[in-house]
Amino acid sequence: MTASKLYILDTNVLLHDPKCLYEFKEQDIAIPMTVLEELDDIKDRKKNVSSEARHAIRAIDQILSGAETPTQITKGVPIKQNGPDGVDLRLGKLSIFPDHELTMRQGFLPNEHNKDNLIINCALHLQTTNPHREIILVTKDINMRLKALGAGLQKVEDYRTDQLVSDIELLPAGHYKMEGNFWDHVTDVKSYQEGKYTYHQVDRSILPNTYPAEYIFDDSEDFAARVVNVDEGIITLQDLNHERIMQQNCWGIEPINIQQAFAMQAVLDPSIDLAILNGAAGSGKTLVALACALEMVIEEKQYNKIIVTRSTPPVAEDIGFLPGTEEEKMTPWLSAIHDNLEAMHEHDERPQSSVKYAIEKANIQFKSLNFIRGRSIQDALVLIDEAQNLTPSQLKTIITRCGKGSKMICLGNLAQIDSNYLTPLTSGLTYIVERFKDYPGAANVHLEGIFRSELAEYAEEHL
């Protein structure tokens, strides 16, 4: 029988997914003492990841609480998980490795002030002392993976359990263009009216790969619809009327192309609880979302307020050093909202007064991610800006705050990830696009085209 693998986890893996300890199935896991020290250092900071650190510590404690002696903790405690029938599933073992006891020797990396090197040295030691076992270091830090391989570690991996697509090109665009005229593909249709909307039921063979809330259009510039239901052999489409959605107007903003029209429809539609708008810089994500939000709060009074949040860059995760209230501290990181408000009111007689009026009338609140946790947000529109910089765990935390009568709008550009440990494939934005693909109350729209300026368009294409 082949010896089981032993995975050594880096701190960033536990922060990325605090539940990762249950994802290695029958394989064993070792956590170096250095990782526990890093988690301890992070858990009390006012950082976006402090909550994840506490979750990870609790998960480790829950498993290790089954140890009868300290020796068993270093040898390994069985990881138990509740199975679907209520019976505990036995996975691998979890152990804590006392890497602080290791002394420098040939082949080790200098580790006086470098915790990454301490973890790599721990993996190298285990590789030497367990020659018949496959030792694998798991880290989301690319440079750490390179250093570990350069130091002689045989196996180094990224944590990809929550990676749902193998190529970013496979990510659903949220809309599908049919060649020619849509109705030329249809042989049998059943149409009916419900309220002000017309619905068409067509054979699934026309759109075999479609899914709920996908937008459909064709070359004729006459047909536009949204998939509202997918049965075994029948697809139900809501006719959106191409001309009507292209003439939508929110707070003086009209769609420039069909993708922006779909984005506006997704944000305005009360049956959509989660609208995900992703696309290149300058494609109009924030402008469209904000214009629709102002229309729904001020004019239609569907919601009581607009809450805007985003991940702050690592250099400013602790927002305490900025003066003023929480909202004043967050303002520098949410200047994109102010820029778009100014753009919408640039032709007003007093633009600054108009912007101030919009912020007060729509009750726009700027919130740090740290203060979103634990809340239940009622009757509000929540704009999550720069969502590509959030982990799946962080986005789950925010989306589960959605209370009665609230709607979430996620904005992001997978080409502009600032996080050290995220890639387009492991970003929380990619994760929710794929996870909510079959949920009829969520719409994803990939915006195409760049309308900020000719310079921005040229830069996006050529740089």
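Ile-384 has Cys-410 of strand 17 as its bridge partner, and this pairing offers a way into the sheet of what is a predicted model. Strand 16, which spans residues 380–385, and strand 17, which spans residues 407–412, run in the parallel sense and are joined over four bridges.

Seen as a whole, the sheet is an open one of six strands, with parallel pairing and the order 15-14-16-17-13-18. Its edges are taken by strand 15 (364–368) and strand 18 (442–447), and because each of these has a single partner strand, one side of each is left without a neighbour in the sheet. From one strand to the next, the twist averages 20°.

Helices pack on this sheet. Helix 8, made of residues 258–268, touches strand 13 (274–279), strand 17 and strand 18, and the direction of helix 8 makes about 155° with that of strand 18. Helix 11, made of residues 335–344, touches strand 14 (305–310), strand 15 and strand 16, and its direction makes about 160° with that of strand 15.

A residue in another helix leads back to these elements. Thr-286 is found in helix 9, which covers residues 285–299, and it counts as buried because its relative accessibility is 13%, where the cut-off for burial is under 20%. When its neighbours within four places in sequence are left aside, the residues in contact with Thr-286 are Ala-336, Ile-337, Asn-340, Asp-385 and Leu-411. Of these contacts, Ala-336, Ile-337 and Asn-340 fall within the residue range of helix 11, while Asp-385 and Leu-411 fall within the ranges of strand 16 and strand 17 respectively.

The aromatic residues give another view of the packing, since the structure holds nine aromatic pairs. One of them joins Tyr-7 and Phe-24, whose ring centres are 4.7 Å apart and whose planes stand at 45°; the pair is classed as tilted because this angle is neither under 30 degrees, as stacking would need, nor over 60, as an edge-to-face arrangement would need. Tyr-7 lies in strand 1 (residues 6–9), whereas Phe-24 lies in the loop between helix 1 (11–16) and strand 2 (28–32), so the pair ties together parts that are 17 residues apart in sequence. Both partners fall under the cut-off for burial: Tyr-7 is buried with a relative accessible area of 9%, and Phe-24 is buried at 11% relative accessibility. Ring pairs also bring in Tyr-159, which is linked with Tyr-7 and Phe-24 into a cluster.

Key:
Residues numbered from 1 in each chain as written. Predicted model: local features only at pLDDT ≥ 70, side-chain atom pairs only at ≥ 80, totals over all residues. Heavy atoms only, no water. Helix = DSSP H or I, 4+ residues; strand = E, 2+ residues; numbered from the N terminus. Buried < 20%, exposed > 50% of the residue type's maximum accessible area, 1.4 Å probe, protein only. Contact = heavy atoms within 4.5 Å. Phe/Tyr/Trp six-rings, centres within 6.5 Å; stacked < 30°, edge-to-face > 60°. Pairing = 2+ DSSP bridges. Axes fitted to C-alpha atoms, helices over the stretch in contact; angles between N-to-C directions.
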